[in-house]
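Dear colleague,

I am passing on the structure below, and after it I set out what was found. Please read the notes alongside the coordinates.

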Amino acid sequence: MDWGRDDIADEQPAAETVERELVPEGTHDFRIKEVLEDDARVELRLVHDDKRVGWVFCKLPKDADWAKRIASSLRKALDITPEDWAAMQAGDLAGRRVAAEIYHKVGKTGATWVNVRKFVAVERPEPKPAAARSQPAKAAAAFKATATSPDDIPF
């Protein structure tokens with residue numbers, strides 16, 4: 001019986017890969033997507049809000065002084081006390097937002113590596129001042145402040 005098998009390709013077409021841009025040098029906000037830790041290093045996988053740019057993989061060897069300085073800047077940027085930092089698991093950092101100062105370095109093979117120089121606190125927008133209340137809202141608030149009983153009538 002012919003089920004139209006000749007009309008279907010045996011191989012699925014290859015999925016298109018999206019070529020992402022390198023995160024430009026400078027300070028950028030990231031979300032810590034994932035944290036991997038082993039005996040030798042901690043790796044932070046940072047995701048930028050702009051999906052056109054690739055992830056940043058911040059690999060910090062545990063025995064390198066330069067990595068300890070970067071980890072210290074991460075702790076300070078997230079406003080975590082040294083005691084809380086020591087008690088944390090590396091995976092507890094996942095999901096947090098942080099800003100990182102990014103720089104590029106060209107490797108021996110000619111590839112450009114995106115590196116984290118240090119972490120800084122994410123700048124929070126200034127809170128907006130409270131909107132001025134309307135005259136009826138002001139009167140209701142004043143009445144609530146002076147009322148002695150819920151049965152009071154405001155006249």
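Two strands are taken to pair if DSSP finds at least two bridges between them, strands being DSSP runs (E, at least two residues) numbered from the N terminus. This is a predicted model, in which local features need pLDDT of at least 70 and side-chain atom pairs count only at pLDDT 80 or more, while totals for chains, interfaces and linings use all residues. Residues are numbered from 1 along each chain as its sequence is written, and side-chain values use heavy atoms, with hydrogens and water left out.

On that basis, 7 bridges join β1 to β2, and the two strands run antiparallel; they form a hairpin with 3 residues between them. Within this pairing, E37 stands opposite V42 in β2, and V42 in turn stands opposite L60 in β3, the strand of residues 56–61 that pairs with β2 in the antiparallel sense over 6 bridges. Strand β2 (residues 41–48) has 6 of its 8 residues buried (under 20% relative accessible area, with over 50% counted as exposed and anything in between as partly exposed, using a 1.4 Å probe and protein chains only), so it is largely enclosed by the rest of the structure.

On the other side of the hairpin, β1 pairs with strand β4 (residues 97–106) in the antiparallel sense over 6 bridges, and here R31 stands opposite R97. Taken together, 5 strands form an open sheet in the order β3-β2-β1-β4-β5, with antiparallel pairing. Its edge strands are β3 and β5 (112–120), each of which pairs on one side only.

One residue of β1 (residues 26–37) deserves a separate look, namely D29, which counts as partly exposed because its relative accessibility is 34%. Leaving aside neighbours within four places in sequence, D29 is in contact (heavy atoms within 4.5 Å) with V47, H48, D49, R97, V98, A99 and V122. Of these, V122 is 93 residues away from D29 in sequence, yet the two are 6.5 Å apart in space, C-alpha to C-alpha.

Finally, the structure holds 1 aromatic pair (rings of Phe, Tyr and Trp, the last by its six-membered ring, with centres within 6.5 Å; planes under 30 degrees apart count as stacked, over 60 as edge-to-face and the rest as tilted). The rings of W55 and F57 have centres 6.2 Å apart and planes at 35°, so this pair is tilted. Both partners count as partly exposed, W55 at 37% relative accessibility and F57 at 41%.

With best regards

Methods:
Helices (H or I, at least four residues) and strands (E, at least two) are DSSP runs, numbered from the N terminus.
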